[in-house]
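Colleague: I have a few quick things to ask about this one, if you have a moment. Can we start with how the helices pass each other?
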Amino acid sequence: FKTAIRAMAFGVVLTILVQSSSITTSTIVPLAGAGVLTLRQIFPFTLGANIGTTVTALLAAMVLNPTAMIVAFSHLFFNISGIVVIYPIKFLRKLPVIAATKLADLSVRNKFIPLLYLVIVFVLIPIFIILIGG
């Protein structure tokens, strides 16, 4: 975690080995909670874990049909292009860390905030998108 590239690479490799970004990120979160790592150090690791997950999808797609390979490669290139386009811009790179910090501060002050966040992001926004989409 000394450099962003090293953290990203570690995230990719660890996720490929365990084949789950949920497992890799959930092993790192307690280190942030304990103060061993900062959010700024964990962010590139999480991006690497997202790329590692796409490698798992590529492996699974190899036994299926060409359409599955196209979808798996699209997933891989989408994640890589997002990192290549957004991560080098310092202001954009800081946004997720700032947002996470603000949400954490609000959550410490009011225990209702995380529940409200979950309902808005995972229930209300998807319902709204479904309704306006058709």
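Modeller: Before the helices themselves, one term: a crossing is called right-handed if the near helix is turned clockwise from the far one by less than a right angle, and left-handed if it is turned anticlockwise. With that in hand, α1 passes α3 in a right-handed crossing, and please keep in mind throughout that this is a predicted model.

Colleague: What angle do α1 and α3 pack at, and how far apart are their axes?
Modeller: The packing angle of α1 and α3 is about 35°, and their axes lie 6 Å apart.

Colleague: Which residues in α1 and α3 meet there?
Modeller: From α1 the contact includes Ala-4, Ala-7, Met-8, Phe-10 and Gly-11, together with Val-12, Leu-14, Thr-15 and Ile-16. On the α3 side, the residues met include Gln-41, Pro-44, Phe-45, Leu-47, Gly-48, Ala-49 and Ile-51, and also Gly-52, Thr-53, Val-55 and Thr-56. Sorted by class, the residues of the contact of α1 with α3 come to 13 nonpolar, seven polar and no charged.

Colleague: Stepping back, how many helices and strands does the protein have?
Modeller: There are six helices and zero strands, so that the protein, read along its sequence, follows the pattern α-α-α-α-α-α, with helices counted as DSSP runs numbered from the N terminus. Taken along the principal axes, the C-alpha atoms fill a box of roughly 50 × 45 × 30 Å. Of the 134 residues, 24% count as buried, and residues 24 or more positions apart account for 60% of the contacts with a separation of 6 or more.

Colleague: And α2, how does that run relative to α3, roughly parallel or roughly antiparallel?
Modeller: The axes of α2, which covers residues 21-33, and α3 come within 9 Å and cross at roughly 170°, which makes α2 roughly antiparallel to α3. In the contact, Ser-21, Thr-24, Thr-25, Ile-28 and Ala-32 of α2 meet Ile-42, Phe-45, Thr-46, Ala-49 and Thr-53 of α3. By class, that contact of α2 with α3 divides into five nonpolar, five polar and no charged residues.

Colleague: Anything odd in the loop between α1 and α2?
Modeller: Gln-19 lies in that loop, and its phi is near 60°, a positive value in a residue other than glycine.

Colleague: What about α3 with α5, at what angle do they pack?
Modeller: Helix α3, residues 39-61, and helix α5, residues 90-109, pack at an angle of about 120° with their axes 10 Å apart. That angle makes α3 oblique to α5, and the crossing of the two is right-handed. Leu-39, Arg-40 and Phe-43 of α3 make the contact with Arg-93, Pro-96, Val-97, Ala-100 and Thr-101 of α5.

Colleague: How many charged residues does the contact of α3 with α5 have?
Modeller: It has two charged residues, alongside five nonpolar and one polar.

Colleague: Now the inside: in the largest nonpolar core, which residues touch the most other members?
Modeller: Of the 13 residues in that core, Met-8, Phe-43, Leu-47, Ile-51, Ile-83 and Tyr-87 touch the most other members. Helices α1, α3 and α4 each supply at least two residues of this core, and α3 gives the most, with five residues.

Colleague: Take Ile-83, then; what does Ile-83 touch?
Modeller: Not counting residues up to four places away in sequence, Ile-83 touches Met-8, Leu-47, Ile-51 and Pro-88. Apart from the largest core lies another one, of five residues, among them Ala-7, Ile-28, Leu-37 and Ile-42.

Colleague: Is Asn-79 buried or exposed?
Modeller: Asn-79, which lies in helix α4, has a relative accessible area of 17% and is therefore buried, the cut-off being under 20%. Leaving out residues up to four places away in sequence, Asn-79 touches Asn-50, Ile-51 and Thr-54.

Colleague: Last topic, the C-terminal helix: where does Ile-132 lie?
Modeller: Ile-132 lies in helix α6, residues 112-133, and at 60% relative accessibility it counts as exposed. Pro-114 is found in helix α6, and with a relative accessible area of 32% Pro-114 is partly exposed.

Colleague: How far apart in space are Ile-132 and Pro-114?
Modeller: They are 26 Å apart, C-alpha to C-alpha, and 18 residues apart in sequence. The C-alpha atoms of Pro-114 and Leu-103, which are 11 residues apart along the chain, are separated by 8.0 Å.

Technical notes: Residues are numbered from 1 along each chain as its sequence is written. This is a predicted model: local features need pLDDT of at least 70, side-chain atom pairs count only at pLDDT 80 or more; totals for chains, interfaces and linings use all residues. Side-chain values use heavy atoms; hydrogens and water are left out. Helices (H or I, at least four residues) and strands (E, at least two) are DSSP runs, numbered from the N terminus. Buried means under 20% relative accessible area, exposed over 50%, partly exposed in between (1.4 Å probe, protein chains only). Axes are lines fitted to C-alpha atoms, for helices over the stretch in contact, and angles run from 0 to 180 degrees between N-to-C directions. Angles under 35 degrees count as roughly parallel, over 145 as roughly antiparallel, 65 to 115 as roughly perpendicular and the rest as oblique. Contact means heavy atoms within 4.5 Å. Ala, Val, Leu, Ile, Met, Phe, Trp, Tyr, Cys and Pro count as nonpolar, Asp, Glu, Lys and Arg as charged, and the others, Gly among them, as polar. A nonpolar core is a set of buried Ala, Val, Leu, Ile, Met, Phe, Trp, Tyr and Cys residues joined through side-chain atoms within 4.5 Å.
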